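Biologist: Could we go through this structure together? I would like to begin with the cysteines and then turn to the strands.

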Amino acid sequence: TAAGTKPQLSFGRGEPVIQFEDSAKDLPKGERDHLLRKLQNYHEYEDGLKLFSENAEMKKLSRELVGGPESDMEFEIFQSLALLKPARKGSEKPWHQDHAYFNVPMKQSGSGAPTEVLGIWIALEEATVDNGCMHVLPGWHKSKGPIVHFQRRDWQICDADIPSCVPVEMKPGDALFFSSLLSHGTPPNLSEKSRRAIQYHLVPKGMERSSETERLRVFGSEGKDVQC
């Protein structure tokens with residue numbers, strides 16, 4: 001980490017910089033590294049990963065997807081996550097929309113997308129159905145809009161509302177660009193292989209923030225202080 005900083009440790013789903021699986025809770029320091037679940041906002045501590053997030057091709061695709069083909073929109077990193085989903089112990093991430101976690105406005109983009117917030121999920125290892133690849137509901141970000149979430153196993157969409165879905169299997173280096181209103185989730189990893197990925201959320205540079213009150217009004221009153 002950066003000099004003088006001490007990352008917060010978290011078990012389960014709190015407000016982490018470093019987050020472990022629940023099953024690591026009773027393990028001593030030095031014996032739980034294999035159960036590391038998530039690193040949050042790592043780009044503020046690692047220059048190489050921050051530089052990667054500024055890749056020219058990635059920025060070009062982001063502008064086209066959000067602003068349209070002629071856009072000169074510039075972005076800033078709103079959030080970065082390393083999603084590690086360890087072998088055999090990697091927990092699920094129930095169905096959700098990322099925007100339900102974010103206190104940012106839902107403004108239609110220049111390309112016609114329902115928001116200006118863009119997620120980029122990059123596979124570092126092969127992501128398969130067996131080890132917990134992302135599953136999505138294509139088109140729901142436009143046809144359904146924001147969906148009310150509830151605190152159950154997580155801050156999530158009701159399981160009963162989810163029809164058949166599409167698994168997105170990926171090879172190392174593949175990238176999935178998606179709207180912050182895309183409904184998605186990942187099942188637990190019960191396989192012998194980890195499923196490591198990095199994820200960025202981008203917003204237009206200088207984008208204003210909205211209030212938590214407004215987010216709760218749209219996505220449901222049980223989502224106070226939640227973290228993606």
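Modeller: Certainly. A residue is called buried when its relative accessible area is under 20%. Please keep in mind that this is a predicted model.

Biologist: Is Cys133 buried or exposed?

Modeller: Cys133 has a relative accessible area of 0%, so this residue is buried.

Biologist: How many disulfides are there?

Modeller: The count is zero. A disulfide is a covalent bond between the sulfur atoms of two cysteines.

Biologist: Why is Cys133 not bonded to Cys165?

Modeller: The cysteine sulfur closest to that of Cys133 belongs to Cys165, but it is 9.0 Å away, which is too far for a bond. The cut-off for a disulfide is 2.5 Å.

Biologist: And what about Cys158?

Modeller: Cys158 takes part in no disulfide either, as its nearest cysteine sulfur, in Cys165, lies 15 Å away. Cys158 has a relative accessibility of 31%, so it counts as partly exposed.

Biologist: Let us change topic. How many residues of strand 3 are buried?

Modeller: Strand 3 covers residues 36-40, and four of its five residues are buried.

Biologist: Which way does strand 2 run relative to strand 3?

Modeller: Strand 2, residues 18-20, is antiparallel to strand 3, and three bridges join them. In this pairing, Phe20 stands opposite Leu36 of strand 3.

Biologist: How many bridges link strand 3 with strand 4?

Modeller: There are three bridges, again in the antiparallel sense, and strand 4 spans residues 75-83. Here Leu39 faces Ala82 of strand 4, standing opposite to it.

Methods
Residues numbered from 1 in each chain as written. Predicted model: local features only at pLDDT ≥ 70, side-chain atom pairs only at ≥ 80, totals over all residues. Heavy atoms only, no water. Buried < 20%, exposed > 50% of the residue type's maximum accessible area, 1.4 Å probe, protein only. Helix = DSSP H or I, 4+ residues; strand = E, 2+ residues; numbered from the N terminus. Pairing = 2+ DSSP bridges.
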